[in-house]
Every structure is written in structure tokens, then in C-alpha cells.
Amino acid sequence: MFKEFQVNKANPNEYRIVEAEAKALGDGEVRLEIDQFAFTANNLTYAAAGDSLGYWQFFPALDNADKSWGIIPVWAFADVVESNNDAVPVGDRLYGYFPPATSLVIAPSHISDNALVDNIQHRQKLPPLYNRYNRVLADSKYNRSTDAARILLAPLHMTSFCIWDQLKSNNYYNAEQVIIVSASSKTSLGLAYGLSTDDNAPSVVALTSSRNVDFVSGLGLYQETISYDSLAKTLQNKPSVVIDMAGSATVKADIQNKLGDNLNYYISVGITHWEDLDGGAFAKEANPEKHEMFFAPSYILERMKEWGPSEFDKRSSGFVIGAAMATFGWMTIDERNGLDGLAELYPAACKGTVPPSTGVVIKM
């Protein structure tokens with residue numbers, strides 16, 4: 001029996017678990033049994049941007065005649081339990097992009113010792129990096145004890161690396177301060193780590209909720225920590241670049257009102273505050289030359305073309321390892337059992353009440 005976790009596209013607070021008979025494999029296909037996956041604020045960004053950035057298209061929902069239900073992608077490890085492909089045997093283990101489900105059928109192509117690509121038809125027009133899976137057993141250094149850290153942090157810190165690289169490449173947009181909105185998020189902390197290693201970076205200001213101020217300020221990654229409700233009073237009005245992981249219309253308006261012409265550039269990345277979603281985060285801006293919606297897969301592809309894949313891997317992997325070492329030590333892993341465990345946690349994730357020091361792993 002196959003099960004998957006679905007959310008209502010129009011109202012992601014609403015969810016359900018759907019069961020169906022597992023489909024038979026076609027020629028060349030393999031069945032992956034999902035072992036464990038992470039669920040973070042980043043997954044809520046996938047839901048909020050499901051239509052505009054195409055996240056609903058990766059894993060079409062079952063029992064969905066009116067197309068009202070969608071599947072939020074997750075980062076996971078899975079094992080091959082059935083195979084019609086001699087190059088991908090039963091027992092192989094993959095890391096990559098999966099549905100929150102009991103299993104996934106893929107059509108492997110471009111198979112190497114270290115990786116493969118899912119060539120299933122409906123994914124062909126989607127960002128190729130999301131269709132690539134690492135064959136982790138080929139890595140002599142692979143250790144299952146690091147699985148939780150990898151699924152929780154590696155995808156987020158890769159985005160952190162890309163934002164850090166863009167800021168550096170643009171001389172921090174001539175800003176005197178970098179303002180990070182939703183500073184307690186794991187992507188924000190990875191970015192703050194990168195900025196802390198760069199002597200040329202401006203001062204880094206954390207914006208966060210009142211309940212997270214003590215946690216964020218205690219990390220030592222930010223020069224200043226400000227709560228959203230004290231932003232207008234406390235934030236210094238000087239040339240700034242903003243990295244917005246929240247997408248809150250209210251917070252964005254407060255920043256714009258405070259900084260005025262000193263807002264040099266605004267980069268929207270995530271949507272942790274999706275219930276107060278800023279329509280401008282994905283719509284046209286009044287000053288589009290000073291605003292962009294950052295999409296890491298596109299940035300990665302451009303850098304790979306410029307640097308070459310091996311050089312990109314070298315630079316990014318060093319960053320991701322360093323960021324993980326700097327941030328994983330304070331994290332408490334909250335393991336939940338199966339899709340029912342995800343259902344128990346999901347309302348708190350939507351409300352943003354999961355503590356920032358907690359990393360949620362769903363064990364299937």
C-alpha cells in the first residue's frame with residue numbers, strides 16, 4: 001500500500017493522507033522506499049510558491065481530479081526496494097528530492113557511479129538539479145549517522161552559499177549593513193555564518209520574532225538582533241541590502257518605510273511568514289532594478305557554467321560543511337514517526353511555532 005501527504009493548494013493549513021495501491025514498475029523504472037526526510041520552514045516556501053515557481057509539478061497528487069491538492073517536496077534518503085534497471089540494483093541508497101510519501105517510482109537516466117537523474121516524463125521541464133539523485137553508497141566517506149544533518153541543512157546551506165556569493169560578487173550592493181529577515185531560519189544562519197567569515201562584509205543585522213530574540217542573539221553570528229515589533233524604532237537608517245526569508249508584507253513595508261532611499265537592494269528568498277505573504281514577493285515591484293526573487297537552482301546552473309561543475313562543488317561543499325559545523329551543534333533533532341507524525345507536527349510548522357533550535361526529521 002502506498003501513502004502520501006497532501007496539502008490544499010489554496011489553503012496549505014489543510015492537509016490529508018491519501019492511500020492507494022502501489023503501481024507496477026515500467027521498463028527501466030525503480031521503486032524507492034523513503035527512509036527519512038526533513039521538514040523545515042523551507043518546505044513551507046515550496047507550498048507558498050507552489051504555483052509561481054512550479055513546486056507542485058514535481059510529484060502530482062493522487063485522487064486529485066479538481067487539482068486542488070498538492071505535494072510539498074522534501075529532501076530525503078531512500079532505498080531501492082524493486083528494480084527493472086540493471087544499473088540501479090535493489091539495495092542502492094539515494095539522497096535527493098522526494099515527496100513526503102512511503103515510496104517513489106523513478107525512471108533513472110544519466111547513471112554514473114555517484115549519481116543519476118530521474119527521467120520520468122512530467123519532470124523533464126523542471127529545474128534539472130532537483131531531478132538529480134546522489135548514490136551515497138558510492139561515497140567511501142558516507143556514514144548514516146550524518147543523514148539527519150544532511151537532509152536538514154545541506155539544501156538550505158547550499159542556498160545560503162549562493163546568496164553569500166551573490167552579495168560578495170556585487171560588493172554587497174554598496175551597503176553598510178546586511179539585514180536578514182527571519183534570522184532564526186536555518187538558511188539565514190548559514191548565510192550569517194558565511195558573512196561572519198568574510199572580513200569585507202558589512203555588519204549583519206538579524207530581524208526575528210520577539211520569542212526568538214534571545215536564541216538568535218546568543219548564537220554570535222549577528223552584530224545586532226532586532227525584533228519585528230521594534231524595527232521602526234531600533235533599525236539604523238543607513239545604506240542597506242535586505243535578505244528576506246519571511247515574505248511578510250508587513251515586515252517588508254516597515255523596512256521600506258524606515259530605510260527609504262537607503263534601501264539599496266532587496267532579495268526575497270523564502271516565505272516563512274506565508275500567512276502574511278507579500279504579494280510583491282512574486283509580483284512586479286515598483287523599483288524592479290532594486291528587487292529580485294532569488295531562485296537557487298538557476299543561480300547554481302549559472303555558476304556551474306562559469307566556474308565548471310568541479311570548481312562549484314569545491315567552493316560550495318567547503319561552505320556547506322563549515323556552515324553545518326557552525327550550526328548543527330545547537331540543534332535538537334525531533335524525530336517523528338511516519339506520515340502520521342508529520343500530520344501531528346504540521347499545524348505547528350504552519351504557525352511558525354516550531355523552535356528554531358529544533359530540526360524535524362520524519363522517520364518512515
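Leu 342 touches Phe 5, Phe 37, Phe 39, Pro 100 and Ile 362, leaving out residues up to four places away in sequence. This is a predicted model. Leu 342 sits in helix 9. Is Leu 342 buried or exposed? Its relative accessibility is 0%, which is under the 20% cut-off, so Leu 342 counts as buried. Leu 342 and Val 360 are 18 residues apart in sequence, and their C-alpha atoms are 9.1 Å apart in space.

**The nonpolar cores**

Phe 37 is one of the residues that Leu 342 touches. What else does Phe 37 touch, beyond residues up to four places away in sequence? Its partners include Val 74, Trp 75, Ala 76, Pro 100 and Ile 151. Further partners, among them Val 360, Val 361, Ile 362 and Met 364, come later in the sequence.

Phe 37 also belongs to the largest nonpolar core, which has 57 residues. Which members touch the most other members? They are Phe 37, Phe 39, Ile 72, Tyr 97, Phe 98, Tyr 133 and Tyr 346. Helix 9 (residues 338-351) gives the most to this core, with seven residues. Another core lies apart from it and has 36 residues, among them Cys 162, Ala 192, Ala 296 and Tyr 299. In soluble globular proteins, nonpolar side chains tend to be buried together.

**Gln 166 and helix 2**

Helix 2 spans residues 147-169 and holds Gln 166. Is Gln 166 buried or exposed? Its relative accessible area is 7%, under the 20% cut-off, so Gln 166 is buried. Its contacts outside its neighbours within four places in sequence are Tyr 173, Tyr 265, Ile 267, Glu 292, Phe 294 and Tyr 299. Tyr 299 is also one of the residues in the 36-residue core.

**Helix 8**

Helix 8 covers residues 309-327, 19 residues in total. From its first C-alpha to its last, helix 8 reaches 26 Å. That is close to the 27 Å expected at 1.5 Å a residue. Which residues of helix 8 are buried? They are Phe 312, Ser 316, Phe 319, Val 320, Gly 322, Ala 323, Ala 324 and Thr 327. These buried residues pack against helix 2, helix 3 (186-196) and helix 7 (296-307).

**Empty spaces**

A search of the whole structure finds one cavity of 30 Å³ or more. Its lining is made up of Ala 38, Phe 39, Thr 40, Asn 42, Asn 43, Trp 75, Ile 151, Leu 152, Pro 155 and Leu 156. Strand 3 (30-39), helix 1 (41-48) and helix 2 each give two or more residues to this lining. Helix 2 gives the most, with four residues.

The second largest pocket is lined by 20 residues, and those closest to its centre are Phe 2, Lys 23, Leu 62, Leu 104 and Val 105. Strand 1 (2-8) and strand 7 (103-106) each supply at least two lining residues. The largest share, three residues, comes from strand 7.

The table sets out the volume and lining of each space.

| Space | Volume | Nonpolar lining | Polar lining | Charged lining |
|---|---|---|---|---|
| Largest cavity | about 50 Å³ | seven residues | three residues | no residues |
| Second largest pocket | about 400 Å³ | 12 residues | two residues | six residues |

Definitions and conventions: Residues numbered from 1 in each chain as written. Predicted model: local features only at pLDDT ≥ 70, side-chain atom pairs only at ≥ 80, totals over all residues. Heavy atoms only, no water. Buried < 20%, exposed > 50% of the residue type's maximum accessible area, 1.4 Å probe, protein only. Contact = heavy atoms within 4.5 Å. 1 Å grid on protein atoms, 1.4 Å probe; cavity = no way out; pocket = protein on both sides within 12 Å on 5 of 7 lines; lining within 4 Å. Points joined across faces, edges and corners; volume = space filled by probe spheres on them. Nonpolar A, V, L, I, M, F, W, Y, C, P; charged D, E, K, R; others polar. Expected span 1.5 Å × (residues − 1). Core = buried A, V, L, I, M, F, W, Y, C linked by side-chain atoms within 4.5 Å.
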